[in-house]
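Please look through the model shown here before reading the report, and keep it in view as you go.

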Amino acid sequence: MKILFLNGPNLNLLGQRQPDIYGKTTLAEIEERVRSRAKELGAAVDFRQSNHEGELVTWIQQAKGQFDAIVLNPAGYTYTSVAMRDAISAVELPAIEIHLSNVHAREEFRKNTIIAAVCCGQISGFGAESYILGLHAALSIKLK
Ligand code: CA2
């Protein structure tokens with residue numbers, strides 16, 4: 001079981017700015033936690049971050065045949081990227097949308113994800129643990 005983790009714009013800043021909203025854990029530390037749990041569960045993970053929409057779209061397209069599922073935190077692109085949404089639809093792999101913060105308890109615009117409709121489900125509000133829950137969700141979908 002191979003799972004692709006994708007992270008959208010500004011998530012490279014995690015742990016350095018706005019710790020009140022996004023926590024003190026860096027993206028590298030989250031990756032380490034995901035890798036460790038995945039190893040225990042017998043899964044392989046690839047963990048990537050980009051600030052560029054096109055690069056994220058290309059990675060989604062290339063996932064076909066390479067990965068069994070995609071777990072993604074689209075960050076700011078959650079609300080704007082028709083291109084990412086179309087790529088997820090086209091690639092026909094199970095995808096899970098994750099967020100560190102509870103996007104439903106914040107500004108109104110953060111409730112309007114355009115990515116969630118092409119995903120199996122959404123995990124939001126558990127901080128770094130959202131990534132581990134995303135890993136579990138991806139594994140449970142494939143075992144169905
Ligand atoms: O809660 C999440 O995971 C978000 O996807 C994070 C996005 C935000 O636009 C979404 O509504 C919810 C923002 C990512 C920016 O990350 C930063 C990290 C540290 C400092 C500044 C931004």
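The report below turns to the ligand and then to the cysteines.

## Basis of the report

This is a predicted model, in which local features need pLDDT of at least 70 and side-chain atom pairs count only at pLDDT 80 or more, while totals for chains, interfaces and linings use all residues. Residues are numbered from 1 along each chain as its sequence is written, and side-chain values use heavy atoms, with hydrogens and water left out.

## Surroundings of the ligand

The ligand is surrounded by 17 residues, of which the closest are Tyr79, His99, Leu100, Ser101 and Arg110; a residue is counted here if one of its heavy atoms lies within 4 Å of the ligand. By class, this shell holds nine nonpolar, six polar and two charged residues, where Ala, Val, Leu, Ile, Met, Phe, Trp, Tyr, Cys and Pro count as nonpolar, Asp, Glu, Lys and Arg as charged, and the others, Gly among them, as polar.

## Polar contacts of the ligand

A polar contact with the ligand is a pair of N or O atoms within 3.5 Å. A polar side-chain atom of Asn73 is 2.8 Å from a ligand oxygen atom, a polar backbone atom of Leu100 lies 2.7 Å from an oxygen atom of the ligand, and an N or O atom in the side chain of Arg110 is likewise 2.7 Å from a ligand oxygen.

## Cysteines

The structure has zero disulfides, a disulfide being a pair of cysteine sulfur atoms within 2.5 Å. Why is Cys119 not bonded to Cys120? The sulfur of Cys119 has its closest cysteine sulfur in Cys120, and because the two are 7.1 Å apart, they are too far for a bond.

How values were computed
Polar contact = N/O pair within 3.5 Å; in protein donor to acceptor, adjacent residues only side chain to side chain.
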